[in-house]
Amino acid sequence: MKEVEILDKVFSEQEMINLYNTTRPDRTPRKPRGSNTFFPPFTRVTPDGYFVAVEKDTGKYVGHAGWKKLDGNTFLTTGSLTLPEFRKRGINRKLYDKRAREIIGGSPTITITSSDSAGFLNMVESYTPRVTIDALPEKFQQPIIQALEYYAKAGKNARVYYRGDNAMQKAWSILKTLR
């Protein structure tokens with residue numbers, strides 16, 4: 001079993017694509033998310049960055065997790081992938097953990113996924129709960145409705161996950177310590 005490491009560097013989209021395409025020439029080449037019509041317009045954006053997993057001995061691409069800051073403090077997760085032969089080893093969770101710890105922190109986060117993998121969906125929900133549209137900030141509701149309709153037209157059952165600002169939870173924790 002090949003050893004995998006999660007790199008500390010934040011990759012641009014082009015750097016991640018170059019690594020994938022040069023170290024995995026046997027696979028379908030990746031292209032920029034912004035030109036990939038698999039994604040609905042709301043998520044068809046250029047990510048701010050990616051964390052990448054590679055084979056430790058060869059530096060070959062193994063997986064990634066991306067993000068995009070939508071406004072002052074709300075993040076959109078912009079995809080994650082672990083190559084099939086490396087799945088079920090916790091690599092995607094490690095990428096998610098790194099992104100959550102080093103980039104997103106306690107900020108509001110939106111995830112839209114069309115994956116049907118129960119394991120992946122459970123992992124996503126451990127970071128951001130699945131929600132209905134009315135639980136989202138109003139300014140994001142219409143674009144997300146359109147994204148869900150886009151996936152539905154393509155025969156995909158997309159789901160929305162959202163973790164809001166936990167400032168109220170932090171404030172309540174502080175108040176409880178003052179008792």
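The legends below describe close-up views of a predicted model.

**View 1. The six-stranded sheet.**
Six strands make up an open sheet in the order β1-β2-β3-β4-β5-β6, and the pairing is mixed. β1 (4-6) and β6 (159-163) are the edge strands, each paired on one side only. From one strand to the next, the twist averages 20°. Helix α4 (residues 138-153) packs on the sheet and touches β5 and β6. The direction of α4 makes about 15° with that of β5.

**View 2. Strand β3 and the hairpin with β2.**
Strand β3 covers residues 61-69, and seven of its nine residues are buried, so the strand is largely enclosed by the rest of the structure. Strand β2 (residues 49-55) pairs with β3 in the antiparallel sense over six bridges. Within this pairing, Val54 has Tyr61 of β3 as its bridge partner. The two strands form a hairpin, with five residues between β2 and β3. Gly59 lies in the turn and has a positive phi of about 75°.

**View 3. The hairpin of β3 and β4.**
Strand β4 (residues 75-82) is also a partner of β3, and the two pair in the antiparallel sense over six bridges. Trp67 stands opposite Thr77 in β4. Five residues make the connection in the hairpin that joins β3 to β4.

**View 4. The parallel pair β4 and β5.**
β4 and β5 run parallel and are joined by two bridges. In this pair, Leu76 stands opposite Ile110 in β5. Leu76 and Ile110 also belong to a nonpolar core of 14 residues, separate from the core of View 5, that includes Phe42 and Val45.

**View 5. The largest nonpolar core, with Val52.**
In soluble globular proteins, nonpolar side chains tend to be buried together. The largest nonpolar core here has 20 residues. The residues with the most contacts inside this core are Phe11, Met16, Leu19, Val52, Tyr61, Ile91 and Leu95. At least two core residues come from each of α1 (13-23), β2, β3 and α2. The most is given by β2, with five residues. Leaving aside neighbours within four places in sequence, Val52 is in contact with Glu5, Ile6, Leu7, Phe11, Met16, Leu19, Tyr61, Gly63, His64 and Leu95.

**View 6. The loop residue Ser107.**
Ser107 is placed in the loop between α2 (91-104) and β5 (109-113). Is this residue buried or exposed, at 18% relative accessibility? Ser107 counts as buried, because its 18% falls under the 20% cut-off. Not counting residues up to four places away in sequence, Ser107 touches Asn73, Phe75 and Arg163.

**View 7. The largest cavity and its lining.**
One cavity of 30 Å³ or more is present in the structure. The space in the largest cavity is about 80 Å³. The residues that line the largest cavity are Thr77, Tyr96, Arg99, Ala100, Ile104, Thr109, Thr111, Tyr127, Thr128 and Arg163. At least two lining residues come from each of α2 and β5. Four residues of the lining come from α2, which is the largest share. Two of the lining residues, Thr77 and Arg163, are shown in other views: Thr77 is opposite Trp67, and Arg163 is touched by Ser107.

Key:
Residues are numbered from 1 along each chain as its sequence is written. This is a predicted model: local features need pLDDT of at least 70, side-chain atom pairs count only at pLDDT 80 or more; totals for chains, interfaces and linings use all residues. Side-chain values use heavy atoms; hydrogens and water are left out. Buried means under 20% relative accessible area, exposed over 50%, partly exposed in between (1.4 Å probe, protein chains only). Two strands pair if DSSP finds at least two bridges between them. Contact means heavy atoms within 4.5 Å. Axes are lines fitted to C-alpha atoms, for helices over the stretch in contact, and angles run from 0 to 180 degrees between N-to-C directions. A nonpolar core is a set of buried Ala, Val, Leu, Ile, Met, Phe, Trp, Tyr and Cys residues joined through side-chain atoms within 4.5 Å. On a 1 Å grid over the protein atoms alone, a cavity is a set of points where a 1.4 Å probe fits but cannot get out, and a pocket is an open set with protein on both sides within 12 Å along at least five of seven lines; lining residues have an atom within 4 Å of a point. Grid points are joined across faces, edges and corners, and a volume is the space filled by probe spheres set on the points.
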